[in-house]
Amino acid sequence: MSKANLESLLNKRAVLLDGGMGTEFQSRGVPAGTHPDLLNLTDPAIVKAVIKSYVDAGSDVVLTNTFGSTRFVLEKHGEADKLAEINFRAAQIAREVADETTDHEVFVFGDLGPTGVMLVLGDVPESAIYDAYYEQIAALKEGGVDGVAVETSSDPQEAAQAVKAAKDQGLFVAVTATFDSGKNKDRTMMGATPEKFIEVVEAAGADAVGSNCGRGIEGFPPLCQRMRAVTQLPLWMKSNAGLPQTVDGVTTYAQTPQDFAEKAIKLIDEGAKFIGGCCGTNPDFIRELRKLIG
Ligand SMILES: [Zn+2]
């Protein structure tokens, strides 16, 4: 892509993101407990099929299957030696889907999740977090990503390191936090408010900010309003399909694609410029949103 292409699309209409990835693997028979990022190497066809299903549903932006592919996370799975290969291959898989799409332009964003390291405990310096994100982003960039999305953030200082590592490699970076904690369920697990989160990541250089996952689409209009009040950056919003329920050992989400899309589309009026879905949403949700975006 070029950054200009993404900006010209943003000037025309809201940009459609993708939906859940981990939950899509499970619905296609991948056992829960498998580290999904390893599928980039062991079963690239399933990764490609999920990404393609979102592009076919109309997504303008798709994410790579690399939410848990920093060195810190891969070390826990004993797979850190495959870090460069996993991230490079994941970017290539998504790039292939984008390049094979002829009916609309598709942008590939490298997906970055939390490291699992608690900066506040002082176990590692901030520079170690920066280095871990830098290393992951370098491999994603080599594989052909157009930008990166830092998701499910809880600690703004950690997210800021990912933002800096992306900007230092010249990439567009969106960063979203999950607000599902505190008395009013409007704080991250680490206690950050939307206002505090944006202050820190915007200062670090974020190009878009927002929220992903959380407690369902109903919680998103007030998040948009609060963020809109403190930043001019484009808002990036990916709600989950409500809270998961376990029925007979199977995780399900009660929300329908139509209901989700009708509520999600209203976020555009609240200032969202990028919209999509998180856990429990599937290509049907994105297809409904595509119809409404027009
Ligand atoms: Zn999610």
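Helices here are DSSP runs of H or I with at least four residues, numbered from the N terminus. The model described is a predicted one. In these terms, helix α2 provides the largest share of the lining of the second largest pocket, namely four residues.

That second largest pocket has a volume of about 250 Å³. It is lined by 14 residues, and those closest to its centre are T23, Q26, S27, T251 and Y253. Both α2 and strand β9 (250-252) supply at least two residues of this lining. By residue class, the lining of the second largest pocket consists of three nonpolar residues, ten polar and one charged.

Helix α2 also takes part in the largest pocket, where its three residues are the greatest contribution to the lining. The space in the largest pocket comes to about 580 Å³. Of its 32 lining residues, G22, F67, D111, E151 and T152 lie closest to the centre. At least two lining residues come from each of α2 (22-27), α5 (71-76), β4 and β6. The lining of the largest pocket divides into eleven nonpolar, 15 polar and six charged residues.

Strand β6 leads on to the metal site. The zinc ion is coordinated by the SG atoms of C213, C278 and C279, at 2.2 to 2.3 Å. C213 lies in strand β6, while C279 sits in the loop between β10 (272-277) and α12 (283-293), so the pair, 66 residues apart, links distant parts of the chain. Along the sequence, the donor residues of the zinc ion follow the spacing C-x64-C-C.

How do the three cysteines stand with respect to burial, buried or partly exposed? The cut-off for buried is under 20% relative accessible area. C213 counts as buried because its relative accessibility is 14%, and C278 is buried too, at 11%. C279 has a relative accessible area of 29% and is therefore partly exposed. A disulfide is a covalent bond between the sulfur atoms of two cysteines. With a cut-off of 2.5 Å between cysteine sulfur atoms, the count of disulfides is zero.

Helix α9 (residues 194-204) shows how one element is packed. Its buried residues are P194, F197, I198, V200, V201 and A204. Residues three or four places apart in an α-helix point the same way, because there are 3.6 residues a turn. The cover over the buried residues of α9 includes strands β4 (147-153), β5 (172-177) and β6 (208-213), together with helices α8 (156-167) and α10 (220-230). Just after α9, G205 adopts a positive phi of about 115 degrees.

Methods: Residues numbered from 1 in each chain as written. Predicted model: local features only at pLDDT ≥ 70, side-chain atom pairs only at ≥ 80, totals over all residues. Heavy atoms only, no water. Buried < 20%, exposed > 50% of the residue type's maximum accessible area, 1.4 Å probe, protein only. Contact = heavy atoms within 4.5 Å. Donors = N, O, S within 2.8 Å, 3.2 Å for Na, K, Ca; no water. 1 Å grid on protein atoms, 1.4 Å probe; cavity = no way out; pocket = protein on both sides within 12 Å on 5 of 7 lines; lining within 4 Å. Points joined across faces, edges and corners; volume = space filled by probe spheres on them. Nonpolar A, V, L, I, M, F, W, Y, C, P; charged D, E, K, R; others polar.
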